[in-house]
Amino acid sequence: MRISANYLAIGLAAGLLMTATACSTLESTMGKATPSLYDRLGQKPAITAVVDEFVGNVAKDNRINGRFATTDIPRLKGHLVDQVCMATGGPCTYKGRDMVTMHKGMGITNADFNALVEDLVAALDTFKVPQAEQKELLGLLGPMKPDIVELP
Ligand code: HEM
């Protein structure tokens with residue numbers, strides 16, 4: 001009876017120790033967790049500033065600005081901010097059209113797409129967004145390319 005009580009005590013102590021270790025491991029993992037890309041970019045005010053600059057760059061870019069001749073620019077900016085905010089893990093909901101529906105029939109080329117990406121990178125550089133975050137953002141937008149580009 002006495003022996004089994006001892007075993008029970010040892011078992012309980014070991015169990016508690018394991019739980020404590022698991023908790024502290026979880027705690028340190030959580031403590032080191034990388035913030036979302038949304039947070040690292042500087043949240044909505046920073047994303048809005050980058051989108052403003054980006055759309056400004058597109059407006060000056062003779063390679064592609066003709067395509068936006070009849071576009072409601074403030075509306076486009078709003079959609080882009082929501083899209084980037086949501087894609088990077090922020091508390092926004094993109095309410096615009098899906099990328100295929102939006103760009104269908106525009107005959108967007110690879111060169112158009114690359115020009116737009118260049119204009120975005122220039123905006124990110126203007127705000128000194130670090131390379132790692134730039135790469136991560138482009139990594140989220142890159143997969144949209146087949147939905148947008150229709151011509152080689
Ligand atoms: C990853 C790349 C791209 C993203 C994330 C993107 C995203 C968007 C979004 C969110 C909208 C607004 C959707 C809505 O109003 O419902 C939009 C509209 C538009 N996009 Fe893109 N786009 C991309 C590439 C391009 C490219 C390469 C072009 C052409 C150079 C282009 C031309 C347009 C035009 C002309 C409109 C506005 C159409 C209108 O007047 O309403 N997009 N895009």
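Leaving aside neighbours within four places in sequence, with which residues is N57 in contact? In this predicted model, the residues that N57 touches beyond that stretch of sequence are D119, A122 and A123. N57 has its place in helix 3, and a polar atom of its side chain lies 3.0 Å from the backbone oxygen of D119. With a relative accessible area of 13%, N57 counts as buried, because buried means under 20% relative accessible area.

The setting of this residue is a protein chain with eight helices and zero strands. Of the 152 residues in the chain, 28% are buried, while the accessible surface comes to about 9,900 Å², with 64% of that surface belonging to carbon and sulfur atoms. Among contacts with a separation of 6 or more, 74% are between residues 24 or more positions apart.

In soluble globular proteins, nonpolar side chains tend to be buried together. The largest nonpolar core here has 29 residues, and the members that touch the most others are I47, V51, F54, L120, L124, L137 and I148. The table lists the elements that give two or more residues to this core.

| Element | Residues |
|---|---|
| Helix 2 | 37-41 |
| Helix 3 | 43-60 |
| Helix 4 | 73-87 |
| Helix 6 | 110-126 |
| Helix 7 | 131-141 |

Helix 3 supplies the largest share of the core, namely six residues, and helix 3 is also where N57 is found. I148, one of the core members named above, is in contact with M99, H103, I108 and F113 once its neighbours within four places in sequence are left aside.

Terms used: Residues are numbered from 1 along each chain as its sequence is written. This is a predicted model: local features need pLDDT of at least 70, side-chain atom pairs count only at pLDDT 80 or more; totals for chains, interfaces and linings use all residues. Side-chain values use heavy atoms; hydrogens and water are left out. Helices (H or I, at least four residues) and strands (E, at least two) are DSSP runs, numbered from the N terminus. Buried means under 20% relative accessible area, exposed over 50%, partly exposed in between (1.4 Å probe, protein chains only). Contact means heavy atoms within 4.5 Å. Accessible areas come from the Shrake-Rupley method with a 1.4 Å probe; for residues, only the protein chains shown count as cover. A nonpolar core is a set of buried Ala, Val, Leu, Ile, Met, Phe, Trp, Tyr and Cys residues joined through side-chain atoms within 4.5 Å. A polar contact is a pair of N or O atoms within 3.5 Å; within protein, one must be able to donate a hydrogen and the other to accept it, and residues adjacent in sequence count only if both atoms are side-chain atoms.
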